[in-house]
Amino acid sequence: MSYSGSAAESEVRGGVNLRREKLVMKLFQSRVGGALLRRLADPEEIVRAGTAFTASQVVLTAVEFGLFTELAAGRRSKHELCERLGWHPRAAGPFLDALVDLGLLRRGRSGRYTNSRAAALFLRPAGPNYVGGLLELSGKRLYTLWSGLGDLLRTGIPEAGEERGGNEFFSTLYRDPAALRDFLTGMTGIATGEAMLIAARFPWRRFRTFVDIGCAQGALPVRLALTHPHLTGAGYDLAAVEPIFREYVESYDLADRLLFIPGDMFHEPLPGADVVSFGHILHGYGESVRRDLLAKAYAALPPGGAVLVYDAMIDPRRRDNLLSRLSSLNIMLEMRGGFEATLPECETWLRDAGFVDIRSCHLIGPTSMIHGRKPGPDPATRR
Ligand SMILES: C[S@@+](CC[C@H](N)C(=O)[O-])C[C@H]1O[C@@H](n2cnc3c(N)ncnc32)[C@H](O)[C@@H]1O
């Protein structure tokens with residue numbers, strides 16, 4: 001007669017293998033075995049990823065309250081910050097100390113707070129390196145948008161209200177002047193670091209003029225004009241963008257070298273220049289639209305001219321594409337045709353459009369640049 005279950009089975013209670021758990025606990029007590037076990041099976045990464053929204057809210061809330069601007073004026077105690085920013089003291093201590101741990105604030109011996117070097121460089125709104133525009137956009141828009149990720153998975157439909165029904169994202173968003181400004185300054189926050197690298201890594205000396213399609217506030221045109229005195233250029237975008245572009249360009253005293261060209265890239269040919277660039281713009285549309293825009297760029301370029309695309313493209317040569325994949329989900333939440341392409345896909349579209357000498361390189365974070373030339377001599381060598 002068989003006995004019901006083996007000794008090992010009898011140790012299983014409610015799905016828990018008691019014998020194994022006891023063994024693990026014993027191993028955990030040993031100095032060597034415990035350390036090894038913690039290295040092999042540490043849940044910290046999982047927990048950090050799953051709760052990253054908490055740290056995110058601390059940073060976004062600090063930007064929302066203008067904390068970094070307040071501290072740009074000088075050191076402040078917790079008490080002073082509570083008074084000036086209208087905070088209740090209960091949560092202020094852990095909030096400020098979390099920002100210290102995140103590397104954005106420093107706490108002196110007297111207990112007063114200052115901006116860390118990184119915060120002073122990148123989070124002071126009056127500063128030229130301000131990335132807070134993106135954080136403001138994240139706080140006001142993207143944080144809520146991402147709560148619809150489950151719906152995106154179930155339906156494939158963007159969560160953004162601007163794309164509901166047959167609406168088009170930009171024309172709907174730009175009906176609200178405050179949203180227009182927030183969006184454009186947010187784009188400057190994303191694009192400035194990339195634009196500095198594009199100014200350094202693309203062979204600009206071979207060209208004299210450029211036009212940036214979907215230029216937003218003008219992060220790329222401004223960085224190019226600041227870096228290369230021989231270049232003149234234009235930003236091309238929807239007419240609503242013009243005053244915000246002009247204001248930004250004038251703040252850098254570049255109005256004599258940077259024009260704004262109002263237009264709609266879907267309903268007219270693109271303006272001509274030696275280089276036509278598309279930054280964070282192709283990624284919002286389906287493949288056939290991207291191919292059409294690249295064909296328009298080819299038509300607008302002189303022989304030897306170049307097209308330049310920068311986006312959070314997925315690069316199969318890189319081990320870590322997490323930020324590009326998150327960016328892909330972000331643009332899917334925003335726009336119905338959106339997705340981040342892989343670099344080889346984009347390279348194929350450029351080649352099919354007629355471009356040659358196609359090169360690509362990683363810029364920063366999720367973003368890579370790819371460029372190609374229309375066959376012909378360098379435009380800078382033409383008379
Ligand atoms: C995501 S933003 C990218 C901004 C900038 N290139 C960058 O890298 O930060 C897309 C830009 O394309 C512009 N845009 C959208 N539809 C357009 C159209 N039909 N014609 C011209 N520009 C358009 C938007 O106004 C916006 O400035």
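Start with the whole protein in view, coloured by secondary structure: the protein has 18 helices and eleven strands, and what you are looking at is a predicted model. Along its principal axes the C-alpha trace spans about 95 × 65 × 45 Å, and of the 383 residues 33% count as buried. Among contacts between residues at least 6 apart in sequence, 65% join residues at least 24 apart.

**The domains**

Next, colour three stretches separately, since the protein is divided into domain 1 (7-42), domain 2 (49-127) and domain 3 (133-381). If you select domain 2 and domain 3 together, their C-alpha centres lie 32 Å apart, and the contact between them takes four residues from domain 2 and five residues from domain 3. On the side of domain 2 that touches domain 3, the residues divide into three nonpolar, no polar and one charged.

**Two annotated regions**

Now select residues 52-124, which an unreviewed UniProt entry lists as "domain: O-methyltransferase dimerisation". Over this stretch the chain is 63% helix and 8% strand, with the end C-alpha atoms 24 Å apart. Move on to residues 146-355, listed by UniProt, again in an unreviewed entry, as "domain: O-methyltransferase C-terminal"; here the chain is 45% helix and 13% strand, and the end C-alpha atoms are 37 Å apart.

**Around the ligand**

Display the ligand and the residues that surround it, of which there are 17, the closest being Met187, Ala191, Gly214, Ala216 and Gly279. Sorted by class, this shell has twelve nonpolar, three polar and two charged residues. Highlight helix 13 (residues 177-201) as well, for this helix gives the most to the shell, with three residues.

**The nonpolar cores**

Turn to the interior and pick out Ile213, Val276, Val307, Cys346 and Leu350, which have the most contacts inside the largest nonpolar core, a set of 60 residues. Helix 13 gives the most to this core, with seven residues. Apart from it lies another core, of 17 residues, among them Val63, Leu104, Leu105 and Leu123. To see how one member of the largest core is surrounded, centre the view on Val307: leaving aside its neighbours within four places in sequence, Val307 is in contact with Val276, Leu294, Ala297, Leu301, Leu350, Phe355, His371 and Gly372.

**The annotated active site**

Select His283, where UniProt, in an unreviewed entry, places the feature "active site". You will find His283 in the loop between strand 8 (275-279) and helix 16 (287-300). Is His283 buried or exposed? His283 is buried, because 27 other C-beta atoms lie within 10 Å of its own, where 20 or more are needed for a residue to count as buried. Beyond its neighbours within four places in sequence, His283 is in contact with Asp311, Ala312, Ile331, Gly338, Phe339 and Glu340.

**A last stop in strand 10**

Finish by selecting Ser360, which lies in strand 10 (residues 356-364). Ser360 is partly exposed, because it has 19 other C-beta atoms within 10 Å, a count that falls between the limit of 12 or fewer for exposed and that of 20 or more for buried. Show Leu343, Glu347, Ser368, Met369 and Ile370 beside it, the residues that Ser360 touches when those up to four places away in sequence are not counted. Then draw a distance from Ser360 to Val309: the two are 51 residues apart in sequence and 9.3 Å apart in space, C-alpha to C-alpha.

Definitions and conventions. Residues numbered from 1 in each chain as written. Predicted model: local features only at pLDDT ≥ 70, side-chain atom pairs only at ≥ 80, totals over all residues. Near = placed C-beta within 6 Å. Helix = DSSP H or I, 4+ residues; strand = E, 2+ residues; numbered from the N terminus. Nonpolar A, V, L, I, M, F, W, Y, C, P; charged D, E, K, R; others polar. Core = buried A, V, L, I, M, F, W, Y, C linked by C-beta atoms within 7 Å. Contact = placed C-beta atoms within 7 Å. UniProt positions renumbered as here; feature names shortened; annotations may be inferred. Domains from an automatic or database assignment.
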